[in-house]
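Work through the exercises below with the model open beside you. Try each task before reading its solution.

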Amino acid sequence: MGKKEKRSRIIAFALGMIIFVILIFPLYWMVVTALKTQVEIFQIPTPLWPADLTLDAFKAQISASSDTLRGFKNSAIIAVGATAISTLLSIPAAYGLARFRFGMKKALILFFLITQMLPSTLVLTSLYIMFSKVKLLNTYWAPILADATLGIPFSIIILRTYFLSIPKELDEAANIDGCGYWKSFFLIMLPIAKPGVIVAAVFSFVYAWGDLIYGITFITDPTKRPITSSIYNYVQQYQTLWNSTMAFGIIAISPVVLIFIFMQKYIVSGLTNGAVKA
Amino acid sequence: MGFLFALPAAIYMLVFIGYPMIQNIILSFKNVDVYTFAQPANQKFVGLQNYIELFVSGNSILTKAIINTLVFTVGSIFFQFIIGFALALLFNKKFPGCSFFRGVTMISWLLPVTVAGLLFKFMFASSGGIINQFLVALHILDKPMDWLLQPKSAMVAIIVANIWIGIPFNMMLLITGLTTIPSDVYESCNLDGANKVQTLFWVTIPMIKPAIMSVLTLGFVYTFKVFDLVWVMTKGGPINSTELVSTYAYRLSFEEFQFSKGAAAANVLFLILLVVGIFYIKLINEEEEIM
């Protein structure tokens, strides 16, 4: 390695470090604030690390009477439900759109691409009226059914690129061996496309977990609110109780952070495949 | 056969997206509000009246919301793209810790936007907010200011928050674009005596043009429909200065219960996105035959 190259790597490292610190600072600040007392939060200058480290804010949020755990449970039910619907419908659809030729194929792919770009506000009012007619408001079903629409188009696009990357000879061989469409789908395609299925499920979950608009609109019963809607309502009520709000926020983001830590590779590949290749 | 595989998902999306979209168009030509909501007999078609009232009324909030949305979108994308591009160039180099730094900065994109919005609301707060303290310490500000309570600075604050959320998306897509450039291209540039700036503008940018166009159009679509971030940070205030088309449509429908007007505002948002969406789809069709 030349001297010049070595120096440029050191500069790149230093720059990378600085950028990392700036970009990650808001998250650091969330954690530090959650560990501070209210007094320290409003001190000027506010300490960058709490002198008076306390877990009180977390304890208050986790206590049985708080909305936090209930919101967490509600969000878990809603996000798992939406992920299940989205993944179960997307796998066969992506397979069909990758492996077969048929008349409306192009139109269908376009349809899914377009639905991915639609704003939730566009369907919100009509969905509200629809769900109120069939008495689904204030049940988990309303956000589950609506949140699944966020995951389906993305999942289909991602999974289709996975199925496309599997060599056609594999199905042909399976067909010759007497496997029908269904058998070759379950025994050959699905196991190979497993990483794609994981990416699709992860994104469907993250979308559903992060949803606010469907949650605040379809569920007004405080006991059934998802966690994004509970924290939103919590802040309206306790305006400047920032340590508690940040503790609440950390609990609300924890599943996403865990998913991120364990599935980072999948997430990066999903993001780039889904957006660029379509 | 392939059609049958795709059918369940297609039906699902038609029921929960397609049908509501059509209903939304019909609703926007009616007079459904808090009074007529429960009385279908009194609901009638009023033609373009909702649209006309939204645009023509003396102080049209919708016009203001469209302008705000454009400012918000262009402001966000401009900085997200430049910062994202710079980071992509940096992280495309191999240096110790590179993949760790790159990986961890991704997380801002995955966080529930509601929480990110609250976090920035706190950082921009006039008392206890760290941003004010930094700016005062650096003598950029004399005293802490109410970022979210003044029209111009509130817009700056929501744009800054949105830039933070969007940087990883821009960075990742551009890195993917950069990895498609074979390294011998750069070697021959070096031999030809091109300097770094020349290489960037004459080689790198033209070669990743498809990735750049994807990032910009998708970024536009995603930013133009942002709702939660703004609803959490400013709720469209103060005095509609951060009102976006999406928050205005929501306010009309679910705070003022003027369902038909809300539907009309949402349709305006849809029409603008449709134009950009068609552009994007044409783009990827040109880029690779999607069949």
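**Exercise 1. Two helices of chain A**

How are α7(A) and α10(A) oriented to each other: roughly parallel or roughly antiparallel? The model is a predicted one.

Solution.
- Step 1: Find the angle. The axes of α7(A) and helix α10 (residues 194–210) of chain A cross at roughly 160° and come within 9 Å.
- Step 2: Apply the cut-off. Angles over 145 degrees count as roughly antiparallel. Therefore α7(A) and α10(A) are roughly antiparallel to each other.
- Step 3: Add the handedness. The crossing of α7(A) past α10(A) is right-handed.
- Step 4: Find the residues. From α7(A) the contact takes Asp147(A), Leu150(A), Gly151(A), Phe154(A), Ser155(A), Ile158(A), Leu159(A) and Tyr162(A). From α10(A) it takes Gly196(A), Val197(A), Val199(A), Ala200(A), Phe203(A), Ser204(A), Tyr207(A) and Ala208(A).
- Step 5: Sort them by class. The contact of α7(A) with α10(A) has 11 nonpolar residues, four polar and one charged.

**Exercise 2. The same helix across the chains**

Describe how α7(A) packs with α1(B).

Solution.
- Step 1: Locate the pair. Helix α7 covers residues 141–165 of chain A, and helix α1 covers residues 2–28 of chain B.
- Step 2: Take the geometry. Their axes lie 10 Å apart, at an angle of about 135°. α7(A) and α1(B) are therefore oblique to each other.
- Step 3: Give the hand. α7(A) and α1(B) make a left-handed crossing.
- Step 4: List the contact. α7(A) brings Leu145(A), Ala146(A), Thr149(A), Ile152(A) and Ile156(A). α1(B) brings Ala9(B), Tyr12(B), Met13(B), Phe16(B) and Ile17(B).
- Step 5: Sort by class. Nine residues in the contact of α7(A) with α1(B) are nonpolar, one is polar and none is charged.

**Exercise 3. A second pair across the chains**

At what angle do helix α1 of chain A and helix α4 of chain B pack?

Solution.
- Step 1: Read the angle. Helix α1 (residues 3–34) of chain A and helix α4 (residues 98–105) of chain B pack at about 20°. Their axes are 10 Å apart.
- Step 2: Name the orientation. Angles under 35 degrees count as roughly parallel, so α1(A) and α4(B) are roughly parallel to each other.
- Step 3: Check the hand. α1(A) and α4(B) cross in a left-handed way.
- Step 4: Pick out the residues. Gly16(A), Phe20(A), Leu23(A) and Ile24(A) of α1(A) meet Cys98(B), Phe101(B), Val104(B) and Thr105(B) of α4(B).
- Step 5: Sort by class. The contact of α1(A) with α4(B) holds six nonpolar, two polar and no charged residues.

**Exercise 4. The whole interface**

How many residues of chain B are in contact with chain A?

Solution.
- Step 1: Count both sides. 75 residues of chain B contact 79 residues of chain A.
- Step 2: Find the main contributor. On the side of chain B that touches chain A, α1(B) gives the most, with 16 residues.
- Step 3: Sort by class. That side of chain B divides into 55 nonpolar, 17 polar and three charged residues.

**Exercise 5. Buried or not**

Why can α12(A) be called largely enclosed by the rest of the structure? Then classify Gln23(B).

Solution.
- Step 1: Count in α12(A). Eight of the 11 residues of helix α12 (residues 227–237) of chain A are buried, so α12(A) is largely enclosed by the rest of the structure.
- Step 2: Name some. Among the buried residues of α12(A) are Ile227(A), Ile231(A), Tyr232(A) and Val235(A).
- Step 3: Turn to Gln23(B), which sits in helix α1 of chain B. Gln23(B) has 17 other C-beta atoms within 10 Å and is partly exposed.
- Step 4: Look along the sequence. Gln23(B) and Ala263(B) are 240 residues apart in sequence, yet 9.2 Å apart in space, C-alpha to C-alpha.

**Exercise 6. The chains as wholes**

Describe each chain in outline.

Solution.
- Step 1: Chain A has 13 helices and zero strands. Its radius of gyration is 23 Å, well over the 19 Å of the globule rule for 278 residues, so chain A is more spread out than a compact globule.
- Step 2: The C-alpha trace of chain A spans about 75 × 70 × 30 Å along its principal axes. Of its 278 residues, 49% count as buried.
- Step 3: Chain B has 14 helices and zero strands. Its C-alpha trace spans about 80 × 65 × 30 Å along its principal axes. Of its 291 residues, 45% count as buried.

Technical notes: Residues are numbered from 1 along each chain as its sequence is written. Chains are lettered from A and ligands numbered from 1 in the order in which they are written. This is a predicted model: local features need pLDDT of at least 70, side-chain atom pairs count only at pLDDT 80 or more; totals for chains, interfaces and linings use all residues. Helices (H or I, at least four residues) and strands (E, at least two) are DSSP runs, numbered from the N terminus. The radius of gyration is taken over C-alpha atoms; the globule rule is 2.2 Å times the number of residues to the power 0.38. A residue is buried if 20 or more other C-beta atoms lie within 10 Å of its own, exposed if 12 or fewer, and partly exposed in between; C-beta atoms are placed from the backbone. Axes are lines fitted to C-alpha atoms, for helices over the stretch in contact, and angles run from 0 to 180 degrees between N-to-C directions. Angles under 35 degrees count as roughly parallel, over 145 as roughly antiparallel, 65 to 115 as roughly perpendicular and the rest as oblique. A crossing is left-handed if the near helix is turned anticlockwise from the far one by less than a right angle, and right-handed if clockwise. Two residues are in contact if their C-beta atoms, placed from the backbone, lie within 7 Å. Ala, Val, Leu, Ile, Met, Phe, Trp, Tyr, Cys and Pro count as nonpolar, Asp, Glu, Lys and Arg as charged, and the others, Gly among them, as polar.
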